[in-house]
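Work through these short exercises with the sequence and the model side by side. Try each task before you read its solution.

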Amino acid sequence: MSDSLWCDLTIEKADTLADYYVEVMGWKKEAIDMGDYNDYVMMKADGTPAGGICHKKGCNENMPNGWIPYFTVSHLDTALQKSQSLGGTLVGKIRQFGEDRFCIVTDPAGISCGLFEKNS
């Protein structure tokens with residue numbers, strides 16, 4: 001069974017949208033330096049992460065628009081093979097997050113999510 005871990009929103013105007021969620025949800029934004037721009041970790045009032053809001057460029061250039069939930073899986077390679085054998089497609093390559101790995105997939109209905117393998 002997979003657990004929901006995180007949600008990211010990838011969009012053209014991340015700065016403006018991050019400000020929207022600050023006002024509507026009461027979140028605070030913490031900038032993540034991406035070189036020549038910032039993406040954001042959105043924090044709840046109690047200091048726990050609510051999700052991320054990212055620019056649709058750089059390593060996120062090919063991400064689908066909209067909120068992407070990330071679900072934990074025991075074995076990423078196995079889950080990706082099963083996804084593809086059942087008509088799913090990979091969006092980009094497997095990426096590292098510290099010692100953890102993840103990949104975005106699109107299911108046969110065209111809905112995207114991230115599969116996340118925790119190794120830490």
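Three exercises with worked solutions follow.

This is a predicted model, in which local features need pLDDT of at least 70, side-chain atom pairs count only at pLDDT 80 or more, and totals for chains, interfaces and linings use all residues. Residues are numbered from 1 along each chain as its sequence is written, and side-chain values use heavy atoms, with hydrogens and water left out.

**Exercise 1.** Place asparagine 60 in the fold, then decide: is asparagine 60 buried or exposed?

*Solution.*
Step 1. Find the loop between strand E4 (49–55) and strand E5 (66–72); asparagine 60 is there. Strands are DSSP runs of at least two residues, helices (H or I) of at least four, and both are numbered from the N terminus.
Step 2. Recall the cut-offs: buried is under 20% relative accessible area, exposed is over 50%, and partly exposed is in between (1.4 Å probe, protein chains only).
Step 3. Asparagine 60 has 8% relative accessibility, so it counts as buried.
Step 4. List its contacts (heavy atoms within 4.5 Å). Leaving aside neighbours within four places in sequence, asparagine 60 contacts Thr10, Asp39, Cys54, His55 and Arg95.
Step 5. Look at the side chains of asparagine 60 and arginine 95: a polar contact of 3.4 Å joins them. Such a contact is a pair of N or O atoms within 3.5 Å; within protein, one must be able to donate a hydrogen and the other to accept it, and residues adjacent in sequence count only if both atoms are side-chain atoms.

**Exercise 2.** Describe the surroundings of leucine 5.

*Solution.*
Step 1. Locate leucine 5 in strand E1 (residues 4–11).
Step 2. Its relative accessible area is 35%, so leucine 5 is partly exposed.
Step 3. Not counting residues up to four places away in sequence, leucine 5 touches Tyr70, Thr72 and Phe116.
Step 4. Now go to aspartate 19, 14 residues apart from leucine 5 along the chain; their C-alpha atoms are separated by 23 Å.

**Exercise 3.** Which classes of residue make up the lining of the largest pocket?

*Solution.*
Step 1. Count the lining: 21 residues, with Trp6, Asp8, Tyr70, Phe97 and Phe102 nearest the centre of the largest pocket.
Step 2. Trace the elements: E1, strand E3 (38–43), E4, strand E6 (89–97) and strand E7 (100–106) each supply at least two lining residues.
Step 3. Sort by class: 13 are nonpolar (Ala, Val, Leu, Ile, Met, Phe, Trp, Tyr, Cys and Pro), five are charged (Asp, Glu, Lys and Arg), and three are polar (the others, Gly among them).
Step 4. A pocket is found on a 1 Å grid over the protein atoms alone, as an open set of points where a 1.4 Å probe fits, with protein on both sides within 12 Å along at least five of seven lines; lining residues have an atom within 4 Å of a point.
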